[in-house]
Amino acid sequence: MKGTNAVFRKEMSLYFVSPIAYVAIGAFLFLAGLFFQGILAEATEYSMRAAMQAMQFGTPFEIDVPGETMRGFFGVTGTILLFIVPMLTMGSYAEERRRGTMELLMTSPITDLEIVLGKYLAALSLFLIMLLPTALQMVILFKASDPVPPWRLLVCGYIGVMLLGGALLALGQFVSSLTESQIIAGIWTFLLFLMLWVVDFVVRGSAGSVAGDVGQYLSILKHLNDFIRGVVDSSNLIYYFSLIALGLILTLRSLDSMRWRRA
Amino acid sequence: MIEVENLTKQYGAVRAVDQISFRVDKGEILGFLGPNGAGKTTTMRILTGFLPATSGTARLAGFDVFENSLEVRKRIGYLPENPPLYPDMSVEGYLDTVARLKLLPSDRRKARVDAAMEMARVTEKRRELIKRLSRGYKQRVGLAQALVHDPEVIILDEPTVGLDPKQIIEVRHLIKGLAGDHTILLSTHILPEVSMTCDRVVIINQGRIVANTPVNAPGQDRGTEIVMVEVKPGGGGAGQVRTLLERIPGVKRVRTEPPEGTGRVQARVECESGRDLRSRIAADLVAQGHELLELRASRVSLEDIFLQATTQEPVEAGATEKIIAGGER
């Protein structure tokens, strides 16, 4: 796996000189921060109103502010990722093809699988680096809460977001391998994510039918919901890992077809 | 070192490379000459393991390029037509990256990167970002990239394109200096490049090899000496001139053509190699009462071979010029 390591290092060093990575990370953190603040404020206000009502009518009424904030935050993070991940992946193969460096990689003594894994792991690492600062918000939330909210919500939430991100990255890199233009790759990736997002909405009329069930199953954010509620369900794990495997295998096929196409 | 046998590459209905066979010995520089679209790049891409061939075999250092692709790739340094550069990296950082991709052991990496920069003369730009370099420097960084892992075989696709004349000479010197330890295959559509750099030339046209011949240094014997003569015949006309020339020992073939209406005869005399028959020809012609108007030595040049090989079909004069000069771009 020396080849994977070489590709990984190359990718990482390029990420940190490319403005796109900084813009994407900056945009993500700005949006995540904005929504976190908004959700927290709303949950706090709601809980205060509820407490006042409870005093007025003498009925006990409790709102789990940190829990609501976390659930809301992970949910909105999933949605933000659908917009940010295309920026992270659009160039990963398209730019190499445009610059002619794909030829360098593909004539180096490393396998196509090593190239695909190296690039995927690098994108995943960048994604985790992007996610890391949101932990700061969680630290503040945990410090300010009494009693401390259940850790389960936090851990499961992050696992869900990482799996979602991992699946989006694999699919995004595949789309990037299909074209020489990173703009086109970005647009197609975003359209694909949009489809996966709204597919349950599109087929909602046919609920109960096969198409309806398939649509429900494919919907990419639906599978995040269980994680957000603190539940790790194997069907969701299978869903995300299948998407990751699918993305990587398709990318590998795409590299193979580059060797057969007329250059 | 490189053995290619009946290699064919088919793209749909188009045959880019058609049953070509050639070999390059260790330490040799082979020039791959041909007009654009002749199949040079395709052949090189097959050798580097970038493209699979449709049929035929290619072996490099004893390894089959299809079955042992990774072993072959370890031993090849390859500069594609457009140097594969990362514009946001520094020259040194880029070469280090390439050295890693070529799986060079870490203890040799630093020394090899320095050596490659020295050879390609980019050391003074080592810290500079590649995107800030001129075209000539970029090309040299591309060359350094092909050398960094000290490969046995170096494959260069049009290595001097886009360079100014001074840089072209530098690159040619560099390539010549690499021969011996390295086996080099370079492609070009520029004729003088081959005669200046290569030991042997393979001329390829429309996917087929049309000539495979050694290149000799200027002034050396090329197999056949040619003497062009123009005379005003005394008696007997063109026929007599022809018989006279054919009788001179050492002459292989004579072709005469009387230009119309001038009363003169032009003859192309092919002589055996290494024999300078000019004085004999002159003496004999004058002795028979012919007026000698012009006599000049000529030799079969690479250009003749190239033109002969690549213009089997009637081509307009202008188009022929273009092929020699590589008139595209």
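Okay, let's start with helix H2 of chain A, residues 19-57. How far apart should the ends of a helix with 39 residues be? At 1.5 Å a residue, H2(A) should span 57 Å, and the end C-alpha atoms are indeed 57 Å apart, so the two agree. Keep in mind that this is a predicted model, so we're talking about computed values throughout.

Now, which residues of H2(A) are buried? Here's the list: A:Ala21, A:Ala24, A:Ile25, A:Phe28, A:Ala32, A:Phe36, A:Leu40 and A:Ala43. Have a look at the numbers in those names, and remember your helix geometry. An α-helix takes 3.6 residues for each turn, so residues three or four places apart point the same way. And what covers the buried residues of H2(A)? The cover includes helix H1 (2-15), helix H3 (65-89), helix H6 (112-131) and helix H7 (134-144), again from chain A. Right after H2(A) comes A:Gly58, and its phi is positive, near 70 degrees.

Let's zoom out to chain A as a whole. It has 12 helices and zero strands, so if you read the elements from the N terminus you just say "alpha" again and again. The C-alpha trace spans about 75 × 45 × 30 Å along its principal axes. Of the 263 residues in chain A, 38% are buried. And if you take the contacts in chain A with a separation of 6 or more, 79% of them are between residues 24 or more positions apart.

One residue to click on here is A:Ala245, over in helix H12, residues 234-260. Is it buried or exposed? Exposed, because A:Ala245 has just 12 C-beta neighbours inside 10 Å, and 12 or fewer is the cut-off for that label. If you draw a line from its C-alpha atom to that of A:Phe57, you get 55 Å, for two residues 188 apart along the chain.

Right, chain B. This one mixes things up, with 11 helices and 14 strands. Of its 329 residues, 40% count as buried. For the contacts with a separation of 6 or more, the share from residues 24 or more positions apart is 68% in chain B. The domain assignment splits chain B into domain 1, which is 2-214, and domain 2, which is 224-299. Taken over C-alpha atoms, the centres of those two domains are 46 Å apart.

Now find the sheet in chain B. Six strands make an open sheet, in the order E6-E7-E8-E3-E9-E10, with mixed pairing. Which strands stand at the edges? Strand E6 (76-79) and strand E10 (208-214) do; each has a single partner strand, so one side of each has no neighbour in the sheet. On average, neighbouring strands are turned by 15 degrees against each other, ignoring direction.

Let's take two of the pairs. Strand E3 (residues 29-33) and strand E8 (residues 183-188) of chain B are parallel, with five bridges, and B:Phe32 sits opposite B:Ser187 in E8(B). Two helices pack on this sheet. Helix H1 of chain B, residues 40-47, touches E3, strand E7 (153-157), E8 and strand E9 (200-205), and its direction makes about 150 degrees with that of E7(B). Helix H5 of chain B, residues 135-147, touches E6 and E7, at about 165 degrees to the direction of E6(B).

The other pair is E9(B) with E10(B), antiparallel this time, joined by six bridges. B:Val201 has B:Thr213 in E10(B) as its bridge partner. Their hairpin has two residues between the strands, and B:Gln206 takes a positive phi there, near 50 degrees.

There are other positive phi values in chain B. B:Gln19 has a phi near 50 degrees and isn't a glycine; it lies in strand E2, residues 14-24. B:Asp150 also has a phi near 50 degrees, and B:Asp150 is in the loop between H5 and E7. B:Gln19 is partly exposed, with 14 other C-beta atoms within 10 Å, and B:Asp150 is partly exposed too, with 18.

Last stop, where the chains meet. How many residues does each chain bring to the contact? It's 22 residues from chain B and 22 residues from chain A. On the chain B side, helix H2 (69-74) and helix H3 (91-101) each supply at least two residues, and H3(B) gives the largest share, four residues. By type, the chain B side divides into 12 nonpolar, five polar and five charged residues.

Technical notes:
Residues numbered from 1 in each chain as written. Chains lettered and ligands numbered in written order. Predicted model: local features only at pLDDT ≥ 70, side-chain atom pairs only at ≥ 80, totals over all residues. Contact = placed C-beta atoms within 7 Å. Nonpolar A, V, L, I, M, F, W, Y, C, P; charged D, E, K, R; others polar. Domains from an automatic or database assignment. Pairing = 2+ DSSP bridges. Axes fitted to C-alpha atoms, helices over the stretch in contact; angles between N-to-C directions. Expected span 1.5 Å × (residues − 1). Buried ≥ 20, exposed ≤ 12 C-beta atoms within 10 Å, placed from the backbone.
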